[in-house]
Every structure is written in C-alpha cells, then in structure tokens.
Amino acid sequence: MKELKIGICGWGNVATGLYRSLNEHAQIISANSGTNISVEVIGARRDNPKCDSGSTKIVRDIFEVSKYDIDVVVELIGGVDTARELILEAIKNKKHVVTANKAVIYHHGDEIFSAARINGVKVLYEAAVCAGTPIVKLLKEELAANNISKISGMLNGTSNFILSNMEEGSEFMSTLELAQQEGYAEPDPTFDIEGMDAAHKIGILSSIAYGTSLPPEEFHVEGITKIEKSDFNHAKDMGYTIKHLAVARINEENIELRAHPALIDLNSHLANLKGVRNGIEINTDLVGKIHIAGSGAGQESTASGLISDLVHLVNTMGSDADSFDQIISNLPLKPFAELAFQYYFYIEAQDIPGVMASITSLLAAKGVGIESILQKEELGGNLVPIILITDIFKDKDSIELQGELLALDSVKKIRSIRIEAE
Ligand SMILES: NC(=O)c1ccc[n+]([C@@H]2O[C@H](COP(=O)([O-])OP(=O)(O)OC[C@H]3O[C@@H](n4cnc5c(N)ncnc54)[C@H](OP(=O)(O)O)[C@@H]3O)[C@@H](O)[C@H]2O)c1
C-alpha cells in the first residue's frame, strides 16, 4: 500500500468535506488507487463545530502547515492574495499543492506553475473547475492526443439553476431567492450571476487547451441579470432555449474567449442540462463531441475532485513536474467586437401601422439580414412585442443597431441575446 501524507489549509466547507470523504471513502480510495491518504495536519485559525478533527494535529497558523513532514499541501482557504502566498510558500518548501481555488489559479496560475516547475513539484487543481465533474485531467490526459476546437458549456451552477427555473415560468428574483434558500447561491450572488465564476473557469480551461495565459487577457463577460421570463417563451417558439455559456474556441488565426447568455438549439445536449448541474461540450478531432455533466459545487463533489488529484499525485510521484501549462499559445485573443453572431432581438413597439416596415428597413439599411420576424400579442398600452432573429453580423454593429432602433419613435424597449452557432 502506498502512503500519501497531506496537510489541509483552511477548515471550512470544502476542507471538512474533504476530511470526511477521506475517512468515509478510505476503503474505496485505497482499493482503486492502492493508496492510504493520511491527513497529518490541519491549518485552521479556529475550530469548526460542524466537523470533529479527532486526533489530527491542528495548527492555528496556516503557513506552518507546509513545514510539516507531508507530501502535499491542500489549499482550501479561498481568495487570492493569501492563497497565492500560501501556495508559493508550500512550493518553496518542496511540497506538492492541490487546490480547489479557481480565483488564485485564474489570477496567478502562470506564476504558480512556473514556481512549481523550478522547485520540481506539482500543482493540481481539478476541483477548481466544476468541482468533482472531471474536466481538467480529462483535457490534459484522456484527450491528450486530440486537437480541441471548442469548449463550451454552463460552468456556473447558480446561473443554470436560475435560468432552468425561468424556463419553467419563474421570475428571476424569486428564483434567485430560492437558490439562496437552497444553498445554491451565495448571500451576495454577484460573482455567479454576473458571469465572473464561469469566466474564471473558462479562462483556466482555455489555458489548458490552448495555452492562453493565466491571468488571461481581458475578455467579454456578461451575466444573466437582463434576461426576462418572457424571453424563454419567445426563444422556444423559434426552437431555442437560453443558457449562460462560457466558450473557448480556436482557429488557425486566433482564440475566442467569452462568457455570456446565449440562445442555443432546444434539442441540443446542453439545452437539456437543467438545474444546478454544470455541463460541458468538448469538440475534439479524434473522438468527436464529448459531453460531460455533473455537480459543479458542494462539499462532496469538490472532495471527489480533490481526491482525484491526490490519487494522481501518488500515481505520478517521482516523475517530472506535470506538463500542465506547457502548451504556450502564440495566437491572440480575437476582439469580441469582431466576433459575429446571429441575434435574438426583443423589441417592444407601438402597435401602429408601418412599425414593422420601419424596423425592417432600418435593418436593411445597416445590411443586417432577417431570418425571421414575429409580431406577438399586444401587451396593453398599445404596445406589441416583436421578435426578430437576425442573420449573422458583427458584435460591434449590434450595439449601434440597437441604439438606432431605440431612436425610432415607435420603439420603446429593446434587448438582445446572441445565438450560439452549433
Ligand atoms: N464550496 C464549494 O462548493 C466549492 C466548490 C469548488 C471549489 N471551491 C473552492 O474551495 C475553496 C474553499 O471554499 P469553502 O466553500 O470551503 O470556503 P469556506 O467555507 O469559507 O472556508 C474557507 C476556510 O479558509 C479559512 N481561511 C480563509 N482565509 C484565511 C486566512 N487568511 N487565514 C487562515 N484561514 C483562512 C476560513 O477560516 P474562517 O472560518 O476563520 O474564516 C475557512 O476555514 C475556495 O477557493 C472555493 O472557491 C468551493
């Protein structure tokens, strides 16, 4: 039986979940990996009444942990600055690092991996992207022979939960409140609903697949707060649903990185992944499209991802530091304004003769083709919703077009959602 001695920094939700899972699943972990993983020390600035640490050594200074006789420091304090220092300190003390912290990898990944290479240790972060749903090692190892042309998916469980409920007829605010009651959303949900959490994750996946830097160059990030319940009905009539998508895509000239709401085909695989789960589609050249889905948060799921990294460490102990960031991209990020999409437009206009003609002639003057246009039932106040699906045109022209539409006397409100091509 192999032995792996670990120290845990932080004693919150994920750390206690890891501790429990290591104990409760010790038998299956050792049966699958031939390894006994022992927690030698825990860095906790205070006790956690939700978890009894038994006879495990507790130190109050988290920076003491990497001085112990351990193989791995598991960083579970979250945040960026102290976590960065803690990880660099562990690396300096020649300890491998396992972390679930997407923020520190997103902001300081390149620096951390470089320090790890110099010190001959590994930094693994499977649980930082979609917790226990396997994606990091899947890209690095199982798909190692593949050219990956696109990674796309719903990488934020809170957003997917809210949008799935809105699809069933709920309002945004009541669903957000429900998500908070159920523990799917933080008391301050900004990071999730404004798209930053998904952006961190796709930034990390792009660094693995395409060698983009960590932190990446700035890219377009947009959340779900402007979507309305009625958009789902209109989208459905046109054969779509609405998801929050994070996308990384490569072609011969550049890389696309973005996170925003999108209409996707109602019959697509991603469209049918509802609720708090994360779902990812990977376009590969050898295996075709791969889909994975699973829980992207929570104590147990995150423990599963962390333990997979610990097992990986045991299996690769003695080999050179991981080649986790060896692909270095020379391709630039394509400016978002230069990307082209089909668009869904919701236009609220006065129900007067000629309104459709004024809208369609404005689009024609801008050279924007119309795939379909539907006038819906009157809303009251002599206002009608007009639902427009455009042909493909550049994002930079969309803002201008919306401004000009809104300047028409008859148009009172407008919103748009990009349509994701298959
Ligand atoms: N929760 C999830 O479902 C999930 C899923 C995937 C990844 N993650 C990641 O896992 C990490 C941990 O998340 P969590 O949910 O376990 O957070 P948490 O419950 O807030 O736990 C954080 C722990 O770290 C300690 N800590 C924070 N800053 C510290 C500092 N400067 N010095 C000493 N101790 C410090 C906290 O101590 P105090 O209690 O004293 O503040 C607490 O024990 C984060 O990076 C998160 O993004 C979480």
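**Exercise 1. Determine what share of the contacts in the protein chain between residues at least 6 apart in sequence joins residues at least 24 apart.**

Step 1: Two residues are in contact if their C-beta atoms, placed from the backbone, lie within 7 Å.
Step 2: Among the contacts in the protein chain that link residues at least 6 apart in sequence, 74% join residues at least 24 apart.
Step 3: Keep in mind that this is a predicted model, in which local features need pLDDT of at least 70 and side-chain atom pairs count only at pLDDT 80 or more, whereas totals for chains, interfaces and linings use all residues. Residues are numbered from 1 along each chain as its sequence is written.

**Exercise 2. Find the order of the strands in the open sheet of six strands, and explain which of them stand at the edges.**

Step 1: Strands are DSSP runs of E with at least two residues, helices are runs of H or I with at least four, and both are numbered from the N terminus; two strands pair if DSSP finds at least two bridges between them.
Step 2: The open sheet follows the order β3-β2-β1-β4-β5-β6, and its pairing is parallel.
Step 3: The edges are held by β3 (57–59) and β6 (123–124), each of which has a single partner strand, so one side of each is left without a neighbour in the sheet.
Step 4: Within the sheet, β4 (residues 72–75) and β5 (residues 96–99) pair in the parallel sense over four bridges, and V72 stands opposite H96 in β5.
Step 5: Helix α11 (residues 299–316) packs on the sheet, where it touches β1 (2–9), β2 (35–43), β4, β5 and β6.

**Exercise 3. Decide whether V39 is buried or exposed, and describe its surroundings.**

Step 1: A residue is buried if 20 or more other C-beta atoms lie within 10 Å of its own, exposed if 12 or fewer, and partly exposed in between, with C-beta atoms placed from the backbone.
Step 2: V39, which is found in strand β2, has 20 C-beta neighbours inside 10 Å and therefore counts as buried.
Step 3: Once its neighbours within four places in sequence are left aside, V39 is in contact with I6, I8, Y19, L22 and T56.
Step 4: V39 and K5 are 34 residues apart in sequence, yet from C-alpha to C-alpha they are 6.1 Å apart in space.
Step 5: For the protein chain as a whole, 46% of the 422 residues count as buried.

Technical notes:
Axes are lines fitted to C-alpha atoms, for helices over the stretch in contact, and angles run from 0 to 180 degrees between N-to-C directions.
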